[in-house]
Protein chains: 2
Amino acid sequence: MTNTTELVVKQILDTWYSRVQAADSVFNKLTDEQLQLEVAPGRNRVIYILGHLVAVHDRMMQLLNLGEPMYPELDEIFLKNPDKSKPEMPTAAELKLYWKTVNSTLAGHFSNLKTEDWFLKHNSVSTEDFAKEPHRNRLNIIITRTNHMSYHLGQLALLK
Amino acid sequence: MTNTTELVVKQILDTWYSRVQAADSVFNKLTDEQLQLEVAPGRNRVIYILGHLVAVHDRMMQLLNLGEPMYPELDEIFLKNPDKSKPEMPTAAELKLYWKTVNSTLAGHFSNLKTEDWFLKHNSVSTEDFAKEPHRNRLNIIITRTNHMSYHLGQLALLK
């Protein structure tokens, strides 16, 4: 790996961490009551977006071949069903803890990866397809999931 | 430049183009009346977000050392002032045309850049600082501005 490859992998990871930090500070400053607010009338509540982000980040574990998901029970609530359809949701305090845990666990794994490891295929592409589409590597998961956080951060910014 | 560097630069640009396309399809499907709607009560109107994205992308021209901005008059309306403070705004049809023009002009410039050109410094960092902070390159502008589009796309998704 050359210096430029190392540099650009670091830039992509730095952007990931900066968005995690931005979301952290949004969630930290909100009370449990504020987490029940909708970002716009009839739209997702903040607590749903929090749980959704936890579930998406938790799924990255397996997708990046780094281990098993820690909170697979969240998929049903926050990925497969829309907000307000499943009342049996973890509490705000639990979700805030899961959010911290999943991101710090990912960070621990990321710190052990070498630059070249980021160019290995992720787990939702076959070896055959990856040979033709080398961009379907682990790094692409970070790029798309960083943009996914930005997408929801834009919505959270609408809270008054 | 190695194959991996070329690959990752392409991945970053592909993500940029995919977000431009996503924003295109949002703006194209909205009528001029819908462009006057606020994304949430008391928040920015869609037309303001459109003009804001045009102004931010237009500024990239100079920031990336690719030429002069085409619509510098938009800065005052869409960057320096909040929505609804400057009534003398271009029409929705004009802004839609500017949006197409600025993005296709950028795409034309991008297609002429070699992989190594993306690692040159951008125009808001000094040569001295860039020597210490090589991540402040042109590529970083693309990464941050792609996330900026995702941020506003999240808000536009709240329209009913």
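Across the interface of chain B and chain A, the rule for salt bridges (a side-chain nitrogen of Lys or Arg within 4 Å of a carboxyl oxygen of Asp or Glu) finds zero pairs. The model is predicted, so local features need pLDDT of at least 70 and side-chain atom pairs count only at pLDDT 80 or more, whereas totals for chains, interfaces and linings use all residues. Residues are numbered from 1 along each chain as its sequence is written, chains are lettered from A in the order in which they are written, and side-chain values use heavy atoms, leaving out hydrogens and water.

**The interface**

Between chain B and chain A there are 18 residue pairs in polar contact, both residues being at pLDDT 80 or more. A polar contact is a pair of N or O atoms within 3.5 Å; within protein, one atom must be able to donate a hydrogen and the other to accept it, and residues adjacent in sequence count only if both atoms are side-chain atoms. On the side of chain B that touches chain A, helix 1 (3-29) and helix 6 (138-156) of chain B each supply at least two residues. Helix 6 of chain B gives the largest share of that side, 10 residues. By type, the residues of this side of chain B divide into 16 nonpolar, 14 polar and three charged. Here Ala, Val, Leu, Ile, Met, Phe, Trp, Tyr, Cys and Pro count as nonpolar, Asp, Glu, Lys and Arg as charged, and the others, Gly among them, as polar.

Chain B and chain A each bring 33 residues to the contact, which is defined by heavy atoms within 4.5 Å. The two chains bury about 2,800 Å² between them, 64% of it on carbon and sulfur atoms. In chain B, the residues that lose the most area to chain A are B:Gln11, B:Arg43 and B:Leu158, together 20% of what that side buries. Buried area is the accessible area (1.4 Å probe) that two parts lose on being put together, summed over both.

**Symmetry**

Chain B is superposed on chain A by a rotation of 180 degrees with 0.0 Å of shift along its axis (RMSD 0.0 Å). This is the relation of a two-fold axis. The superposition is by least squares on the C-alpha atoms of residues with pLDDT of at least 70 in both copies. Among the residues of chain B, B:Tyr151 comes closest to the rotation axis, at 2.1 Å (C-alpha). Because 100% of the interface residues of chain B are also interface residues in chain A, the copies meet through the same surface.

**Salt bridges**

Over all chains, the structure holds 14 salt bridges. Three of them are tabulated with their N to O distances.

| Pair | N to O distance |
|---|---|
| A:Lys10 and A:Asp14 | 2.7 Å |
| A:Asp75 and A:Arg59 | 2.9 Å |
| B:Lys132 and B:Asp129 | 3.7 Å |

A:Lys10 and A:Asp14 are four residues apart in helix 1 (residues 3-29) of chain A, and therefore about one helical turn separates them. Helices are DSSP runs (H or I, at least four residues), numbered from the N terminus. A:Lys10 is partly exposed at 47% relative accessible area, and A:Asp14 is also partly exposed, at 34%. Buried means under 20% relative accessible area, exposed over 50%, and partly exposed in between (1.4 Å probe, protein chains only).

A:Asp75 lies in helix 3 (residues 74-78) of chain A and A:Arg59 in helix 2 (residues 46-63), so their salt bridge ties together parts that are 16 residues apart in sequence. A:Asp75 is buried, at 13%, whereas A:Arg59 is partly exposed, at 42%.

B:Lys132 and B:Asp129 are three residues apart in helix 5 (residues 127-132) of chain B, about one helical turn. B:Lys132 is exposed, at 62%, and B:Asp129 is partly exposed, at 30%.
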